[in-house]
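Reader: Got a minute to walk me through this one? I'd like to poke at a few spots before I set anything up.
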Amino acid sequence: SRTIPADQYHRDGYVALSGFLTDAEVKELRTACDRLVEELDPAKHPATVFSTTDEQQPRGDYFIESGDDVRYFFEEEALDDTRQLKVPKHLSLNKIGHALHWKVPEFRRVSFSDKVKNLAKQLKFVSPALVQSMYIFKQPGYGGEVTPHKDCTFLSTEPQSCVGLWFALEDATLDNGCMWFSPGSQNTPTKRRFVRTITSDGGITTEFNAPPDEDDPSKYVAVPVTKGTVVLINGCVNHKSARNTSDKSRHIYTFHVVERHNTVWDDKNWLQP
């Protein structure tokens, strides 16, 4: 089992543990994802684009109801003006989510493995719940930017308990969109939340309840990692990733853990099974 360097994690708000997944586990997750993409019939799925740069982007039922399902979200640049794919489907996806850890055996096996449970124990979770799993592609050439954010904006508890586990299934480099962190920013609280709201016609959508927090780009540190690394992400630390401008993809698997013990869940706003 791997030991988390606790001092570094609590100081910076994140830590990378290389070699956490074996080559066999990485291959198993990649193969499972390939199968999911092969099973995708674009004609049966709305061409739902996922973007973090367009804050006014509407989130329809397909997104909102994805918490206990396996659903597909496309890159804007993969669609033509009629919302049809203009690239092969395996190059069209931004991500698949949000219940891979529950619905797909290979992802479930890794997500609930003893070594992941050991990490949760070291992080002092008493009754951890696993939520919001995603396979993110970061497609070569146009894999989308992820703007600065704190995960607790989307997965809020009182007290805050969210931790992200981010598994590199390929090397994540400066060119293909590795993550960037603002060390210590987990100590700067935010009231910003991504919440469900009722539309004028009685439907449900999602929106932010406050504008983005002030952010200092000069404080970010790039964190390139090798295949098999897991990055532990404090739910309150600011992080982001750039657009993929290279000819190599940056596949990752990620999910979040929150505390159920003595915790108030703001779960009406969550994507969870």
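Reader: How do the residues lining the second largest pocket divide into nonpolar, polar and charged?
Author: Keep in mind that this is a predicted model. The lining has eight nonpolar residues, six polar and two charged.

Reader: And what volume does the second largest pocket have?
Author: About 260 Å³. Of the 16 residues in the lining, the closest to the pocket centre are Phe 125, Gln 160, Ser 161, Cys 162 and Val 163.

Reader: Cys 162, ok. Is Cys 162 buried or exposed?
Author: Cys 162 counts as buried, because its relative accessibility is 5%, and the cut-off for buried is under 20%.

Reader: How many disulfides turn up in the whole structure?
Author: Zero. Cys 152 is in no disulfide, and the nearest cysteine sulfur to its own, that of Cys 236, is 3.8 Å away. A pair has to be within 2.5 Å to count.

Reader: Why is there no bond between Cys 162 and Cys 152?
Author: Cys 152 has the closest cysteine sulfur to that of Cys 162, but the distance is 7.4 Å, so it's too far for a bond. Cys 152 is buried too, with a relative accessible area of 2%.

Reader: Switching to backbone oddities. Which peptide bond ending at a proline is cis?
Author: The one from Glu 158 to Pro 159, with omega near -5°. Pro 159 sits in the loop between strand E6 (157–158) and strand E7 (163–168).

Reader: What about the peptide bond from Gly 97 to His 98, cis or trans?
Author: Cis as well, with omega near 10°. His 98 belongs to strand E3, residues 93–98. I'd flag both, because most peptide bonds are trans.

Reader: Fair. What's phi like at Arg 83?
Author: Near 70°, which is positive in a residue other than glycine. Arg 83 is in the loop between strand E2 (70–74) and E3, and at 38% relative accessibility it counts as partly exposed.

Reader: And Asn 262, what's phi there?
Author: Near 50°, again a positive value in a residue other than glycine. Asn 262 lies in the loop between E14 and strand E15 (264–265). With 67% relative accessibility, Asn 262 counts as exposed.

Reader: You mentioned E14. Where does Thr 254 lie?
Author: In strand E14, which covers residues 252–259. Thr 254 is buried, at 5% relative accessible area.

Reader: How far apart are Thr 254 and Gly 164, in sequence and in space?
Author: They're 90 residues apart in sequence and 7.1 Å apart in space, C-alpha to C-alpha.

Reader: On to helices. How far does H2 reach from its first C-alpha to its last?
Author: H2 (residues 23–39) has 17 residues and reaches 24 Å, close to the 24 Å expected at 1.5 Å a residue.

Reader: Which residues of H2 are buried?
Author: Glu 25, Val 26, Leu 29, Ala 32, Cys 33, Leu 36 and Val 37. They're on the same side of H2 because they cover an arc of only 140° around the axis. The other side has Asp 23, Ala 24, Lys 27, Glu 38 and Glu 39 exposed.

Reader: Last one: in H6, which residues are buried?
Author: In H6 (residues 114–122), Val 116, Leu 119 and Ala 120 are buried. Their arc around the axis is only 100°, so they're on the same side of H6. Asp 114 and Lys 121 are exposed on the other side.

Technical notes:
Residues are numbered from 1 along each chain as its sequence is written. This is a predicted model: local features need pLDDT of at least 70, side-chain atom pairs count only at pLDDT 80 or more; totals for chains, interfaces and linings use all residues. Side-chain values use heavy atoms; hydrogens and water are left out. On a 1 Å grid over the protein atoms alone, a cavity is a set of points where a 1.4 Å probe fits but cannot get out, and a pocket is an open set with protein on both sides within 12 Å along at least five of seven lines; lining residues have an atom within 4 Å of a point. Grid points are joined across faces, edges and corners, and a volume is the space filled by probe spheres set on the points. Ala, Val, Leu, Ile, Met, Phe, Trp, Tyr, Cys and Pro count as nonpolar, Asp, Glu, Lys and Arg as charged, and the others, Gly among them, as polar. Helices (H or I, at least four residues) and strands (E, at least two) are DSSP runs, numbered from the N terminus. The expected span of a helix is 1.5 Å times one less than its number of residues. Buried means under 20% relative accessible area, exposed over 50%, partly exposed in between (1.4 Å probe, protein chains only). The arc is that of the directions from the helix axis to the C-beta atoms.
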